[in-house]
2 protein chains.
Amino acid sequence: MKHLTVKTLLGFSLFACTAAYAQQETIDTAAFRKIRNAELTSSQIPQIAHYLTDVSGPRLTNSPGYKRAATWAVETMKKWGLANAKMEPWGEFGKQWEVQDFSISMRAPYVQSVRAYPGPWSANTKGLQQGQVILLTPANAMDTAYLASHSADFKDKFVLVTGGAASSAERFEPSATRLADTALANLKDAYMIDKPTIQMYQGYFKIFAKIDELLKSAGALAYITTGRNNHNGTVVVQAFGDYKKIVAETVPKVTMSAEDGQKIKRLILSGHKVELALNISGNLTTDNPKGYNVVAEIPGTDAKLKPQLVMLGGHLDSWQAATGATDNAAGCIVMMEAVRLLDSLGLKPKRTIRIALWSGEEQGLLGSFNYVKNHFMDGTTFALKPEQAKVSAYFNLDNGTGKIRGIYAQNNQAVKPIFTEWFKPFADLGAQTVTLSNTGSTDHLSFDWAGIPGFQFVQDPIDYETRTHHSNLDDYDHLIIDDLKQAAIIVASFVYQTATRPDMLPRKPLVKEKFVFDGF
Amino acid sequence: MKHLTVKTLLGFSLFACTAAYAQQETIDTAAFRKIRNAELTSSQIPQIAHYLTDVSGPRLTNSPGYKRAATWAVETMKKWGLANAKMEPWGEFGKQWEVQDFSISMRAPYVQSVRAYPGPWSANTKGLQQGQVILLTPANAMDTAYLASHSADFKDKFVLVTGGAASSAERFEPSATRLADTALANLKDAYMIDKPTIQMYQGYFKIFAKIDELLKSAGALAYITTGRNNHNGTVVVQAFGDYKKIVAETVPKVTMSAEDGQKIKRLILSGHKVELALNISGNLTTDNPKGYNVVAEIPGTDAKLKPQLVMLGGHLDSWQAATGATDNAAGCIVMMEAVRLLDSLGLKPKRTIRIALWSGEEQGLLGSFNYVKNHFMDGTTFALKPEQAKVSAYFNLDNGTGKIRGIYAQNNQAVKPIFTEWFKPFADLGAQTVTLSNTGSTDHLSFDWAGIPGFQFVQDPIDYETRTHHSNLDDYDHLIIDDLKQAAIIVASFVYQTATRPDMLPRKPLVKEKFVFDGF
């Protein structure tokens with residue numbers, strides 16, 4: 001997920017401490033070497049990836065696919081010998097949904113396949129429905145007064161909203177890239193979003209809900225949209241708010257490739273009658289709205305430091321047009337592999353290592369934020385819970401399949417020289433950049449909110465933004481296994497170092513601020 | 001289509017003529033300017049493209065979609081005022097087929113959409129069929145003895161053949177490219193294929209037919225393959241031989257994306273039972289096996305030269321997973337636009353200009369080759385027909401949506417300096433390369449076979465080989481309209497120049513050689 005936090009970006013002057021930390025930092029290079037050798041000779045990443053993606057299927061929060069993946073992760077980490085492996089409820093999420101049957105095709109002016117997917121948590125059609133398509137301009141689609149006054153037009157129609165055609169320019173660029181040295185040297189804040197933008201989104205969501213209500217009551221057969229990047233075989237399929245228990249059943253929803261949408265638009269504009277046939281049959285229930293994260297631990301081996309924690313994680317939930325391989329099985333694969341390595345190598349971390357695989361991330365970091373509220377800081381009173389003081393750091397991975405090139409220090413100046421030292425053994429793996437810049441839109445922000453050092457690594461973008469992010473192409477074959485191995489080596493090493501160094505990692509001052517966002 | 005001719009590549013020493021031709025060549029630059037201005041100010045290319053792709057639908061030879069396109073082209077050229085516009089039968093093609101209904105999804109271990117398309121001319125399933133998938137290695141799939149001895153395994157099963165996973169390397173390259181100057185300066189023979197390769201293919205086709213027969217008699221639910229380039233949202237869907245009337249009904253056939261195929265393969269190899277549900281309902285008939293080309297003329301205005309011909313064309317038939325926009329609506333769009341320009345501008349071509357839009361090209365240049373046999377040279381006796389002597393040249397376009405960068409002179413050394421002169425006004429449009437190299441696998445070869453100068457232009461590749469060629473992405477939005485306009489300007493100018501210059505274009509000596517190939 002993207003663009004989420006409202007956390008104010010703060011600057012501190014902790015430079016006084018920097019040199020001291022840098023001088024004190026001692027790296028357990030023998031452990032680092034063991035980790036690297038083990039990963040390069042006996043990686044379990046392909047197997048973990050297969051089970052989290054192919055075997056589990058799409059992992060929409062609270063769906064059967066999510067539960068398959070979570071159950072497998074708990075059982076697997078138990079088998080590996082981790083302690084306290086379990087699914088931990090974090091509060092109310094909302095609906096459970098999975099597709100039971102789906103088909104769509106064009107029926108007139110001729111029969112042809114259409115690249116399209118049901119909207120997550122979509123209402124069902126009444127069996128296979130055939131009908132005519134009518135067009136809405138994007139502007140009219142957002143104009144609830146227009147929709148209300150044209151409701152008669154929508155009855156028994158498929159309502160299609162699509163903008164302009166995709167430019168051919170992007171095809172002349174590679175879909176996958178790696179970060180050049182100049183890009184690494186100039187990393188800016190990424191995926192951060194300010195309050196006015198959030199408020200703008202919240203305004204949109206209200207309109208979306210109203211559109212839904214209007215089209216449903218008008219008797220539309222389905223609401224069909226074509227989204228950003230939906231071209232060249234890629235269809236980005238997501239939803240806003242439809243998971244919420246309080247949201248009434250939606251109109252049936254479909255996301256279609258831009259090419260199909262544009263074709264239908266051109267046909268209608270040239271006077272042709274276009275018909276589609278659609279069947280959406282999903283299993284939508286609200287009987288168990290609780291959300292669950294997956295957690296497990298490697299207990300610390302130092303009596304005094306054992307109550308202290310090093311956390312690592314990524315979100316296990318995904319969207320559902322594919323199997324969420326790069327968003328974010330990738331992060332979970334790497335984090336599970338990291339704890340497997342640390343556990344299997346018989347290294348002796350002093351502090352307890354706790355892995356967490358979150359749910360509800362795609363709806364607004366819900367799993368991690370509620371976990372943090374449950375464990376570390378009250379969301380209303382900002383009262384700190386005892387465990388808050390015991391977490392040295394949280395490491396997150398959620399920017400696709402790309403290998404690690406550095407880390408976002410989130411403006412924690414004191415930690416910069418420490419991480420710079422830690423990266424030194426990994427220069428040959430392409431990872432050495434420590435930027436003070438912030439990155440947002442994923443689960444380390446929940447920790448940052450509660451004053452706990454939370455970090456997301458800098459990753460090569462590969463084709464995350466162009467192809468796989470939330471799309472129908474986010475499948476196992478879009479993972480780059482060698483990149484995930486590199487990431488597992490670095491994460492395991494960083495986590496081990498955090499778990500064994502004399503002190504906890506330095507913190508930024510805690511700024512108590514309410515999260516104003518209530519979920520996508 | 002690709003890789004077709006067995007025409008021996010010959011070299012001649014006609015250099016003696018070269019200087020003379022170059023000196024004599026006079027270009028009607030005023031006409032060229034008129035053509036260019038008209039195309040840049042009042043192009044009809046978007047409309048022609050819309051009707052040949054979106055409105056007609058897939059144009060598999062002899063299918064209703066082909067007939068819609070052919071009928072529209074005939075009617076449109078009549079409206080424009082062209083003479084003798086008609087569908088002209090060329091001989092027996094084979095089956096007529098179009099999809100009436102198609103759906104496929106994975107049903108176990110969970111329900112999910114699958115990117116897949118029915119094989120062209122596939123047999124129907126018996127309604128919606130659900131069943132288990134079994135794997136065949138590519139080697140076993142080609143081993144008819146293996147298949148015969150394992151027939152019990154295939155009963156009521158979906159038989160999936162898939163090779164290794166796609167490499168991620170191609171994602172780091174642009175899918176679309178243009179020819180660099182160095183590439184233009186070093187053009188080699190392209191798409192040419194020798195007799196041993198054709199014989200190898202013919203051996204394969206026999207095995208394919210045998211596989212079909214074995215799987216069908218074994219009671220397989222369908223034969224599912226994943227082809228070359230079938231990744232990153234692209235699915236290449238074609239067939240070999242199944243159009244032939246003499247080929248018995250096939251087993252139901254499906255082409256699936258590599259990602260889906262690989263997923264199913266991994267699931268089966270890790271011990272999971274995978275089930276699919278498939279419905280193929282097509283309308284397959286053999287009652288009118290005749291193939292038809294589309295032809296139309298602009299009569300010459302010079303009494304003496306009017307019986308002479310300049311021909312231009314491209315193939316109108318396509319594969320059927322999309323609407324064949326770049327293969328080869330693009331060529332037909334450009335050729336139709338070129339004759340529209342020439343006709344509407346009131347230019348006075350001395351010779352008659354004849355456009356031909358071929359069918360059966362994808363099955364082995366069938367439409368153009370039979371046209372040439374019907375009009376110009378007997379295929380068995382090599383007896384020349386009178387019209388053979390009257391065709392100055394045939395110009396073809398069939399390498400995708402890319403603009404024209406030059407022309408393949410097909411080793412016709414005498415024509416090289418002529419074309420070099422003609423290109424001079426188009427240097428600013430990026431077109432000026434005349435190579436003696438040969439290009440194959442499209443309809444100019446039929447003319448070359450009969451001793452008539454036949455030329456295919458050099459085109460920018462764009463994403464023809466990587467994305468659109470025979471694939472589900474070959475739709476209108478993969479056309480680059482500006483490139484097609486440029487091509488129409490150059491083709492119209494070349495055709496006009498050929499129709500007005502004093503002499504017919506120089507010919508290579510005719511080598512009478514039997515076509516050994518009887519269709520893909």
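# Notebook: a look around chains A and B

I began at G57(A), which follows helix α3(A) and has a positive phi, near 85°. Helices (H or I, at least four residues) and strands (E, at least two) are DSSP runs here, numbered from the N terminus.

Before going on, I noted that this is a predicted model, where local features need pLDDT of at least 70 and side-chain atom pairs count only at pLDDT 80 or more, while totals for chains, interfaces and linings use all residues. Residues are numbered from 1 along each chain as its sequence is written, chains are lettered from A and ligands numbered from 1 in the order in which they are written, and side-chain values use heavy atoms, with hydrogens and water left out.

**Helix α3(A)**

I looked up how covered α3(A) (residues 45-55) is, and eight of its eleven residues are buried. Buried means under 20% relative accessible area, exposed over 50%, and partly exposed in between (1.4 Å probe, protein chains only). Among the buried ones I listed I45(A), I48(A), L52(A) and V55(A). They pack against α2 (29-42), α4, α11 (325-344) and α16 (481-500) of chain A, and also against α10 of chain B. Contact here means heavy atoms within 4.5 Å.

**The eight-stranded sheet in chain B**

Next I traced an open sheet of eight strands with mixed pairing, in the order β3-β2-β9-β5-β6-β7-β8-β4 (chain B). Which strands stand at the edges? They are β3 (112-113) and β4 (116-118) of chain B; each has a single partner strand, so one side of each is left without a neighbour in the sheet. Two strands count as paired if DSSP finds at least two bridges between them. Strands of a sheet pair through backbone hydrogen bonds, either parallel or antiparallel.

I checked β3(B) against β2(B) (residues 96-108): they pair in the antiparallel sense over two bridges. S113(B), in β3(B), is the bridge partner of S105(B). Helix α10(B) (residues 258-269) packs on this sheet and touches β2, β3, β5 (129-136), β6 (157-161), β8 (253-256) and β9 (275-285) of chain B. Its direction makes about 80° with that of β5(B); axes are lines fitted to C-alpha atoms, for helices over the stretch in contact, and angles run from 0 to 180 degrees between N-to-C directions.

**Over in chain A**

I then followed β7(A) (residues 222-225), which runs parallel to β6(A) (residues 157-161), with four bridges joining them. There L160(A) has I224(A) as its bridge partner. β7(A) also pairs with β8(A) (residues 253-256), in the parallel sense over three bridges, and Y223(A) is matched with K253(A).

**Pocket and cavity**

I turned to empty space next. On a 1 Å grid over the protein atoms alone, a cavity is a set of points where a 1.4 Å probe fits but cannot get out, and a pocket is an open set with protein on both sides within 12 Å along at least five of seven lines; lining residues have an atom within 4 Å of a point. Grid points are joined across faces, edges and corners, and a volume is the space filled by probe spheres set on the points.

The largest pocket holds about 1,600 Å³. It is lined by 50 residues, and the closest to its centre are F205(A), F208(A), Q238(A), A239(A) and F240(A). Which element gives the largest share of that lining? I found α9(A), with eleven residues.

A218(A) sits in α9(A) too. A218(A) is buried, at a relative accessible area of 10%. Beyond neighbours within four places in sequence, A218(A) contacts S151(A), F154(A) and K155(A).

I counted 14 cavities of 30 Å³ or more, and the largest has about 690 Å³ of space. Of its 45 lining residues, the closest to the centre are F102(A), A116(A), Y117(A), S113(B) and V114(B). β2(A) gives the most to this lining, with seven residues.

**Last stops in chain B**

All six of the six residues of β16(B) (residues 454-459) are buried, so this strand is largely enclosed by the rest of the structure. Three bridges join it in parallel to β13(B) (residues 391-396), while β14(B) (residues 404-408) pairs with β16(B) in the antiparallel sense over three bridges.

I finished at T468(B), in helix α15(B) (residues 464-468). Is T468(B) buried or exposed? T468(B) is buried, with a relative accessible area of 0%. Its side chain makes a polar contact with that of T326(B) (2.8 Å). A polar contact is a pair of N or O atoms within 3.5 Å; within protein, one must be able to donate a hydrogen and the other to accept it, and residues adjacent in sequence count only if both atoms are side-chain atoms.
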